[in-house]
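Student: I should like a close look at a single part of this protein. Please take one surface feature and set it in its context within the chain.

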Amino acid sequence: MAYSAGPDGSTFMPISAYAGLSADVRRQLTETKIEPAAEGPAPLPPLQQAEVTSARSTKNKRAEADR
């Protein structure tokens, strides 16, 4: 379908009847196949644990928090 806006209102019309496209583009769009949407969202790829590298040693370090 092609969208057409004009003084009589906005409508959708078949691509074969839309004058704003060349015959070749109308043919290509008419032959285009659209797959149905997936049942649900695609699963996210697994997250990997990032390696923590530090230039400073954490041995014998202490921290104190106020209560």
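Tutor: The account below concerns a nonpolar surface patch and the strands around it. The model is a predicted one. Met1, Tyr3 and Phe12 together make this patch, which covers about 400 Å².

Tyr3 is a convenient place to begin. This residue lies in strand β1, which spans residues 2-6. Its relative accessible area is 46%, so Tyr3 counts as partly exposed, a class that runs between the 20% limit for buried residues and the 50% limit for exposed ones. Membership of a patch requires over 30% relative accessible area, and the 46% of Tyr3 is consistent with that requirement.

The strand that holds Tyr3 has a partner. β1 pairs with strand β2, residues 9-13, in the antiparallel sense, and five bridges join the two. Two residues stand between β1 and β2, and the strands form a hairpin. The pairing can be followed on either side of Tyr3 in the sequence: Ala2 has Met13 in β2 as its bridge partner, while Ser4 has Thr11 in β2. As a general point, side chains in a regular strand alternate between the two faces of the sheet.

The wider chain gives the setting. Along the sequence the pattern is β-β-α, with two strands and one helix in the chain. Of the 67 residues, 3% are buried. The accessible surface of the chain is about 7,200 Å², and carbon and sulfur atoms account for 54% of that surface.

Methods: Residues numbered from 1 in each chain as written. Predicted model: local features only at pLDDT ≥ 70, side-chain atom pairs only at ≥ 80, totals over all residues. Heavy atoms only, no water. Patch = residues over 30% accessible without salt bridge, like charges linked within 9 Å, V, L, I, M, F, W, Y side chains within 5 Å. Areas by Shrake-Rupley, 256 points an atom, 1.4 Å probe, with all protein chains shown as cover. Salt bridge = Lys/Arg side-chain N within 4 Å of Asp/Glu carboxyl O. Helix = DSSP H or I, 4+ residues; strand = E, 2+ residues; numbered from the N terminus. Buried < 20%, exposed > 50% of the residue type's maximum accessible area, 1.4 Å probe, protein only. Pairing = 2+ DSSP bridges.
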